[in-house]
Amino acid sequence: MSSQNIYILGIESSCDDTAASVIHNGRILSNVVANQNIHAEYGGVVPELASRAHQQNIVPVVDQALKKANITKESLNAIAFTRGPGLMGSLLVGTSFAKSMAYGLNIPLIDVNHMQGHILAHFIDEEGFSKPPFPFLAMTISGGHTQIIKVNDYFDMTVIGETIDDAVGEAYDKSGKILGLGYPAGPEIDKRAQLGNPKAFQFTKPKVAGLDFSFSGLKTAILYFIQKQTKANPQFIEENLNDICASIQFTIIGILIDKLKMATKGTGIKHIAIGGGVSANSGIRKALKDGEQKFGWTTYVPKFEFTTDNAAMIAIVGYLKYLDKDFAKQDIMASARLKI
């Protein structure tokens, strides 16, 4: 790492959270996030509402990030922003702002892949958190992605398994909708799962070859199960909600762990890092830790605030790219389906 004083502003606007963060030589000085609660009324993110909220939030969020870091914009060495993947309207707000600010300050512009951000969040200097050694396996689990990635170096990554339909976050949200829970449903299912019996009800795991995932079949199985049970007993959900949530979570965790076991066997790599919003799930975190005893893994879970969409992870990627002098041009465009 560099001995210079390098300040990077990171901007994240890929979905429904507007975030800005300042990093100094690998250590986060500020990490500000503005949430958009309006989407809960619609049971999911409404892209047009998200992009409008980003336009309202981005200036105050960046201003707060600079103030909390106790620096002025003139101290910045570069501006990093999420280029993709994500919602196009949301990405355009962050991209346009970052390009304009970098141009106005005459400093480098750095584009960041959102998914690489989730993985490289593990390299933020944070007391009490160790960094995975190369090579390692990363599992990114969020509302839009479920992937297993072989990470050979900071920017040498290969996707070796991914979902062919729904992501794991969608599996939680769609299951929650079936059960009448709010959006996002993942945290509520996780909370209730801790109070229920994970083996009360059995759901079949989808059979998908190799390291790829599928969650749409599980959602359908849960739907048919609930329809059948509530037809016989209209109070079934109310009377068994904790057990249902525990059983759903047990099945989802089983799918993830089975694929990780296969990946470690196939690659010989036993260092496993997770990232993405669903990595905040307590059941998944526990299952990974249990894997250390059962399978000889060494697992890495980022600090909670760096798991969901945040700008700190964009800032650390920006910092690493800055050291490599890997800068973007002013004509760079946002990409909704950007690949690793």
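**Helices, sheets and spaces in a predicted model**

User: Which helix is Q116 found in?

Analyst: Q116 belongs to helix 3, which covers residues 114–120. The model is a predicted one.

User: And is Q116 buried or exposed?

Analyst: Q116 counts as buried because its relative accessibility is 11%, and the limit for that class is under 20%.

User: What is Q116 in contact with, leaving aside neighbours within four places in sequence?

Analyst: With those neighbours set aside, the contacts of Q116 are F155, M157, V317 and I340.

User: Switching to strand 1. How many of its residues are buried?

Analyst: Strand 1, residues 7–12, has 6 of its 6 residues buried, so the strand is largely enclosed by the rest of the structure. Y7, L9 and I11 point one way from the strand, while I8, G10 and E12 point the other way, and all of them are buried.

User: Which way do strand 1 and strand 2 run, parallel or antiparallel?

Analyst: Strand 1 and strand 2 (residues 18–24) run antiparallel and are joined by 6 bridges, with G10 standing opposite S21 of strand 2. These two strands form a hairpin that has 5 residues between them.

User: What about strand 4, how many bridges join it to strand 1?

Analyst: There are 4 bridges between strand 1 and strand 4 (residues 78–84), and here the two strands run parallel; I8 stands opposite A78 in strand 4.

User: Now the 5-stranded open sheet. In what order do the strands come?

Analyst: The order is 8-7-6-9-10, and the pairing in this open sheet is mixed. Strand 8 (156–162) and strand 10 (298–300) are the edge strands, each pairing on one side only. On average, neighbouring strands of this sheet are turned by 25° against each other, with direction ignored.

User: Take me across it. In what sense do strand 7 and strand 8 pair?

Analyst: Strand 7 (residues 146–153) pairs with strand 8 in the antiparallel sense over 6 bridges, and K150 has T158 of strand 8 as its bridge partner. Further along the sheet, strand 6 and strand 9 run parallel and are joined by 4 bridges, with A138 opposite A273 in strand 9. Strand 9 then pairs with strand 10, also in the parallel sense, over 3 bridges, and the partner of A273 in strand 10 is Y300.

User: How many residues of strand 9 are buried?

Analyst: In strand 9, 4 of the 5 residues are buried, and the strand is mostly covered.

User: Which strands does helix 8 lie across?

Analyst: Helix 8 lies across strand 6 (136–141), strand 9 (271–275) and strand 10, and it runs at about 155° to strand 10.

User: Let's pick a residue there. L288 is in helix 8, so is L288 buried or exposed?

Analyst: L288 counts as buried, because its relative accessibility is 1%. Apart from neighbours within four places in sequence, L288 is in contact with I257, L260, I272, I274, W297 and T299. The C-alpha atoms of L288 and I272 are separated by 8.5 Å, and these two residues are 16 residues apart along the chain.

User: Moving to pockets. What volume does the second largest pocket have?

Analyst: The second largest pocket has a volume of about 460 Å³. It is lined by 21 residues, of which F250, I253, G283, A287 and D290 are the closest to its centre.

User: Which helices supply at least two residues of that lining?

Analyst: Helix 5 (186–193), helix 7 (236–267) and helix 8 (282–295) each supply at least two residues of the lining of the second largest pocket. By class, this lining divides into 8 nonpolar, 6 polar and 7 charged residues.

User: And closed spaces, how many cavities of 30 Å³ or more does the count come to?

Analyst: The count comes to 1 cavity of 30 Å³ or more, and the largest cavity holds about 80 Å³ of space.

User: Which residues line the largest cavity?

Analyst: The largest cavity is lined by A121, H122, I124, E126, F129, S130, V301, P302, K303 and F306. Its lining has 6 nonpolar, 2 polar and 2 charged residues.

Notes
Residues numbered from 1 in each chain as written. Predicted model: local features only at pLDDT ≥ 70, side-chain atom pairs only at ≥ 80, totals over all residues. Heavy atoms only, no water. 1 Å grid on protein atoms, 1.4 Å probe; cavity = no way out; pocket = protein on both sides within 12 Å on 5 of 7 lines; lining within 4 Å. Points joined across faces, edges and corners; volume = space filled by probe spheres on them. Nonpolar A, V, L, I, M, F, W, Y, C, P; charged D, E, K, R; others polar. Buried < 20%, exposed > 50% of the residue type's maximum accessible area, 1.4 Å probe, protein only. Contact = heavy atoms within 4.5 Å. Pairing = 2+ DSSP bridges. Axes fitted to C-alpha atoms, helices over the stretch in contact; angles between N-to-C directions.
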